[in-house]
Amino acid sequence: VASWLAPSNGTIAVDYRFTDLDPGSGDGVAWFVDLNSGAGNLASGSLDNGGDSGPQTLPYVNVKAGDRLHFIVDPNGSIGWDSTRLSARIAYVEPLRLLIARPDSGVRLSWTTSAPPPVVLQAAPFLEGPWSEIPPGYYRLEEPSRVYEEALTNAMRFYRLGLAAPP
């Protein structure tokens, strides 16, 4: 296990890669990226003997000061030939920003983000939540940074951007 300790609250981007270092034999490894603050497992996968995860990215992870991000390597069965290299880069990033305007024709939301898809729109009746994803059929993407639809206002007072839940 290799861990990173968050020095402050914020949003981080995590770029990482797992690579098998001894491809002579063995059955590979399983790998995990976990956050201890309740978010649990953020990503996981496995490497065959001699394998490589390829570049991986977690573009937006919210952390609090004192949270630990764990990179874990576990044997797939046997514990032989499991030497693994981890390369990781962790950086604080600007959180997703959302602007809501109410022109005569409805609600217009625009945002600035460098997040790759799938960014999703979420809504809640109260700032504290509960937050729910708005199904894509209720709005349309006019361009990568703009969403528009009159139906967005029904009973929801707060909107935010988030990342789609993994399938």
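This report describes the two sheets, one loop residue and the largest nonpolar core of a predicted model.

**The four-strand sheet**

Four strands make up an open sheet, arranged as β1-β6-β3-β4 with antiparallel pairing. At the edges stand β1 (2–5) and β4 (40–47); each has a single partner strand, so one side of each is left without a neighbour in the sheet. From one strand to the next, the twist averages 10°. Within this sheet, β3 covers residues 29–35 and pairs with β4 in the antiparallel sense. Seven bridges join β3 and β4. One position in this pairing is V33, which stands opposite A43 in β4.

**The three-strand sheet**

The order β5-β2-β7 describes an open sheet of three strands, again with antiparallel pairing. Its edge strands are β5 (56–63) and β7 (84–93), and each of these pairs on one side only. On average, neighbouring strands of this sheet are turned by 25° against each other, direction ignored. Strand β2 spans residues 10–20 and is joined to β7 in the antiparallel sense over 10 bridges. Across from T19 is R85 in β7.

In both sheets, the pairing rests on a general principle: strands of a sheet pair through backbone hydrogen bonds, either parallel or antiparallel. The table sets out two of the strand pairs.

| Strand pair | Sense | Bridges |
|---|---|---|
| β3 (residues 29–35) and β4 | antiparallel | seven bridges |
| β2 (residues 10–20) and β7 | antiparallel | 10 bridges |

**A loop residue**

W81 belongs to the loop between β6 (68–75) and β7. Its phi is positive, about 60°, although W81 is not a glycine. The relative accessibility of W81 is 45%; because exposed means over 50% and buried means under 20%, W81 counts as partly exposed.

**The nonpolar core**

In soluble globular proteins, nonpolar side chains tend to be buried together. Here the largest nonpolar core has 16 residues, and Y16 and V33 touch the most other members. At least two residues of this core come from each of β2, β3, β4, β5 and β6.

V33 has already appeared as the residue opposite A43 in β4. Leaving out residues up to four places away in sequence, V33 touches Y16, F18, G40, N41, L42, A43, L58, L69, H70 and F71. The contacts of V33 thus include A43 as well as Y16, and Y16 is named with V33 as touching the most other members of the core.

Methods. Residues are numbered from 1 along each chain as its sequence is written. This is a predicted model: local features need pLDDT of at least 70, side-chain atom pairs count only at pLDDT 80 or more; totals for chains, interfaces and linings use all residues. Side-chain values use heavy atoms; hydrogens and water are left out. Two strands pair if DSSP finds at least two bridges between them. Axes are lines fitted to C-alpha atoms, for helices over the stretch in contact, and angles run from 0 to 180 degrees between N-to-C directions. Buried means under 20% relative accessible area, exposed over 50%, partly exposed in between (1.4 Å probe, protein chains only). A nonpolar core is a set of buried Ala, Val, Leu, Ile, Met, Phe, Trp, Tyr and Cys residues joined through side-chain atoms within 4.5 Å. Contact means heavy atoms within 4.5 Å.
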